[in-house]
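Work through the exercises below with the sequence and model at hand. Each task is followed by a solution in steps.

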Amino acid sequence: MSTEPTTQPPRLEQTTQPPRLSHARDISRPGFYVKLVLMMLVNAFGVYGIMASYGLEEWGVLAFLVVALIVADYVYFSKRALAGKYLYPGLLFLVVFQIYVMVTTAVVSFTNYGDGHNDDKEAAVTQIQRTSDRRVDGTPTYPVTVLDRGGDVAFAIVDDGTPLVGDADEPLTEVPDATVTDGRVTEVPGADVLDFAQIQERQDEVLSLRVDVTDNPDDGWLRTDNASTAYIAKSLLVYDEAADTFTDPEGKVYLADPDQGLFVAEDGSSLLPGWRVTVGFENYTVMFTDSRLAGPFASILTWTFAFSILSVLTTFALGLFLAVVFNDARVKGRRIYRALFILPYAFPGFLAALVWRGLLNEDFGYINEVLLGGASIPWLADGNLAKLSVLGVNLWLGFPYMFLVATGALQAIPDELTEAAVMDGAGPVRRFWRITLPLLLVAVAPLLIASFAFNFNNFSLIYMLTGGGPNYPGAPLPIGETDILISMIYAVAFESGIRRYGLASAMSIIIFVVVGLVSWLGFRQTRKLEEVM
Amino acid sequence: MARKTLANGENDTRLRGARWWKEVGWKHVFAILVIIYCLFPLLYVISASLNPGGTLTGSNDLFSTFSGANYANLLDTDYPTWALNSFIVSSATAVGTVVMAAAAAYAFSRFRFKGRRGGLTTLLIIQMFPQMLAFVAIFLLVLTLGEVFPFLGVGSNLQLIAIYLGGALGSNTFLMYGFFNTVPDSIDEAARIDGATHAQIFWGIIMRLVTPILAVVGLLSFVASYGEFILARIVLSRPENYTLAVGMYVWGTDERNAPWSLFAAGAVVAAIPIIALFLYLQKYIVGGLLAGGVKG
Amino acid sequence: MRKSFLAAAAVGLSLTLAACGGSSSESTSATSEPMASESSSAPMATGTLTIWVDESRTETFKSIGETFMAETGVSLDVVEKPSADLKNDFIRDAPTGQGPDLIVTANDATGDLVANGLAAPLELGDKSDAFSEAAVRAVSLEGQVYGLPYAIENIGLVRNNAMVQDTPETFAELVEQGRAAEGAEFPIVIQQGGDAGDPYHLYPLQTSFGADVFATDANGDYTSELAMGGPEGEAFAEWLKQMADEDVLSTSIDADKAKQAFLDGTAPYIVTGPWYVADFLAADMDISVLPIPSAGGEPAAPFIGVQAVFMSSQSENQLLAQQFIDFMGTKETQDALYEAQGRTPALTESAEAIDDPIVAGFGEAGANGQSIPTIPEMATVWTYWGGAEVSILNGTAEPVEAWQTMIANIESNF
């Protein structure tokens, strides 16, 4: 053994003290001081976070930190809550990084968040106003001087040798006593010329300033994008804040529709962008009402289950077999063998998928061209073969994990049992089926279920290897024979070119419910197994 | 301390001839076959890594060129930085995962509390949530945390470790729980009578007896975080913060100018630490520590 | 070993506390910080602009940034993003206020950026005529310009002069000639990517049948009316099937395979863009770039892609960002970008000054080109289009039927 008793704690030291369950308050033990210091740090950290979130007005974070800190102090200073002391750190991370993410996803699933509805309404209105501002054709650009006149930003330009000044309230008017140098106004009585740094500081005011050219708003207004030249622009749309409408020059009215998060005209046309609104259960019902999904849905669901179950079985079978076979000291060099078995695990998965795609290429892949002597087997282009290929590649990718897990779990099987079986004259095969496998299953059955869930959502393999293909020819959605539920979701929510986060979130939740339910049933079965043992 | 009796209960007497083939020899043949299966796709990667300017799968003419230039060129890229980042992130994740999962497994295995059964199942089921589509939520979380705790913001390795630790429980706890249960309660009992506290029992006794599974979980979580790029991509926004997985992913997704030869060399180098780590941990995983410990 | 398991957490914690002490003071150096007015006497601006570029442009924009810094005093923080993620990350980040001030991407992104309200409209003003018309159109939507174009690229026919020296007028003759060439395993390679297909690389041949993707209005802007249906499109579909039967086109030939075949001298021709040229030249190949021969009788028109800089509508540095946009439009910058990237500049004056046979070849190949549509509907088109072509090439669907179904599917999505 490599860890020799130098680091051995005095775990069984002779002591006259009565047995205790916790050193939580036993100030005679050094453990107490370690804990005290740690808890001081935790509290310092927590209090810092509480103050910071108060300053930032992040009330949700603040509430969470207060609760988490109180719980931490209770758990570690109380004599009770023994299990809590061991669970708290893991649970804290779990709550923040997994549960919170689930809750947020659930919230998003009730909105229309996605392309065209990417931000709030205020941002949408601003952007529509900005993009509808167009330069009036045939008008010149002017060198512009930005002024501060009585606290307000104003523009000064020279038109036909005449210096003109205007601001938000006052249209361009002649200022005869302004100084003009090289076609640019350099000085205006009663106003300060702003230099670039000052302009930069007030850039929002400067960039949003619209100076009417004349008293008639139809003549357009002067604006600038870079504070050095100005041009005359007009808007294609007029926003009426009270009525919440945009009106175009032909009088077409776009009314804000809070249900869709869009400005919509009577003829159904709308303005871009829209904004995020809550749409209730719409994203959930789409899955059941979209007729395009009805056709392939059943076959995809079947394949998803087949794929995940077969993946677990094949990888586990190979991994376990290897673990058992090479758990034999008589095999020389098994250390090296084992290290090489995990090679597929050590390379990036997406790289492996790319390479396999090349190997399986129908006309030029190594498998057809070299191994099979120029055969032309459509490994990825035929539905059934593609499914086989996906399983084969997943076996390659997945068995090292199972090999590791099984090797680890094998060590927990007491030698006594095996020895007893040997005494009874059981051969290696029988020993495996009667002792090793059942004992191993108790420990790893939950992992097999977890692996099932992982493969159920194994998007990256499908996406990298086949892209879901071969596609159902002419299907109304780009869905193929090797698509599993999650990659179908991806195709529906993203691949038709439009991101629909709301829809994708709703579908994630539904998938989670399905996988969770199936797994929960699986757990009930393994529990029975455990009881039998 | 080598023990004479092997795991399968047979004595290590030299086997000869047919019996050797029947019981041991075929295992070598089988091992070679499995290794060929493992290695064969990787030959493309190795071949590409030796061929400057080549494609990854464009040709079946492997090893037509031999050049170490790609490996040397790795040093001119951000690759060394990525390797360092990966090493830090994965090591911290592995250690954190082992400690937290073991602590949780200890609680589930040794204490009886309300919701214990359901809690264990719930832990595993929560991990099944498809995170792939949750990147918006994760991004917002990273932003908010980054505002409150500036060292946890976008681009922070610490933040990434924290996210990985969010998945520390779950299947790891389960794997350990099963193993912890095989350690007889009588051992705890004896220690308790001797006056050991629960913390002493956990750190001093249990943790030593379950070394194989600690090594397995440590390795699994190291490899998982080492190869993870979907979450890492959300948190790490600049090349100098990338981990190897993200960096390689970025190289590989360049549709038109993917530097395949560099990429392949990088993948080969990146695989070495994993193999080395496994070689190192093997003695803990299969060293029979448990049996020795129990017999003590 | 006696330590509580919290000890491990504590190590992390003390590190984090130390880190927090160190970084909190720096966190105020945000890019949006306006400059103090003390420096008002200096005419130069100050501040930092953040720009996202993909991996192929990082170095170029870092050097452009240095010039910009020298000219204006504004520093450019160049952040590299994977090309596959740049647009998506921008759409995700910008609304949170964490996005960059500018991004550099291909013009296909225009529709998406506009639909999400994230591209600031640009007023090129009097300068707009100085750019190639196709380039400006490629970054515009409904008459509004959203990006500053800096480079144009399109695919062309690249010939290995060591295998064949003259190129016939039609595609059919080219195939015949290519087959006869010594050492040729393929008459020509045109990359097709697996399951998604590659309509982009087939488009010149499709347009030679007169099947343009969208109809255009009087101004030459794309409308959302699909124009590739009808007899022209069906003729192209039939032709695709024929090419697959004759082993000219195959979905097995992906980008890697096509490039390698051309590099190995087993294909005298490849249809590709400027991005592979550097590798061909690095392999000491003697190549010429030519227009793609017609397959259906009409001239072959490839898509013209434009590389452009877009300004975020959420930028808090609009004024400086606008300065950078102006800077990008100058002849000096466009020249420098050409030097670094080897793509035809979008600024006509810069483009005319170039004397390089390969760039000229691509220019000629794209003379009839059509700008890649930026209308949001285009995203839907790609998916179905590629899928239909794959099913025809693989023989899983009858060509005309597949084409008609594709049109119906696309239209049902509009």
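**Exercise 1: a strand and its neighbours**

Strand S7 (residues 156-160) of chain C is joined to S11(C) by four bridges, and the two run antiparallel. The model is predicted.

Task: state which residue of S11(C) is the bridge partner of Leu157(C), and describe how the residues of S11 (residues 269-272) of chain C point.

Solution.
1. Leu157(C) has Val271(C) as its bridge partner in S11(C).
2. Strand S8 (residues 189-190) of chain C is joined to S11(C) by two bridges, and these strands run parallel. Here Val189(C) has Ile270(C) as its bridge partner.
3. In a regular strand, side chains alternate between the two faces of the sheet.
4. In S11(C), Tyr269(C) and Val271(C) point one way, while Ile270(C) and Thr272(C) point the other way. All of these residues are buried.

**Exercise 2: the two domains of chain B**

Task: describe the contact between domain 1 and domain 2 of chain B.

Solution.
1. The domain assignment places domain 1 of chain B at 15-70 and domain 2 at 72-292.
2. Taken over C-alpha atoms, the centres of these two domains are 29 Å apart.
3. Domain 1 of chain B puts 13 residues into the contact, and domain 2 puts in ten residues.
4. On the side of domain 1 of chain B that touches domain 2, H1(B) gives the most, with four residues.
5. That side of domain 1 of chain B consists of six nonpolar, seven polar and no charged residues.

**Exercise 3: chain A against chain B**

Task: how many residues of chain A are in contact with chain B, and which helix of chain A gives the most?

Solution.
1. The contact joins 102 residues of chain A to 103 residues of chain B.
2. On the chain A side, helix H3 (residues 82-108) gives the most, with 18 residues.
3. The chain A side divides into 68 nonpolar, 24 polar and ten charged residues.

Note on methods. Residues are numbered from 1 along each chain as its sequence is written. Chains are lettered from A and ligands numbered from 1 in the order in which they are written. This is a predicted model: local features need pLDDT of at least 70, side-chain atom pairs count only at pLDDT 80 or more; totals for chains, interfaces and linings use all residues. Two residues are in contact if their C-beta atoms, placed from the backbone, lie within 7 Å. Ala, Val, Leu, Ile, Met, Phe, Trp, Tyr, Cys and Pro count as nonpolar, Asp, Glu, Lys and Arg as charged, and the others, Gly among them, as polar. A residue is buried if 20 or more other C-beta atoms lie within 10 Å of its own, exposed if 12 or fewer, and partly exposed in between; C-beta atoms are placed from the backbone. Two strands pair if DSSP finds at least two bridges between them. Domain bounds come from an automatic or database domain assignment.
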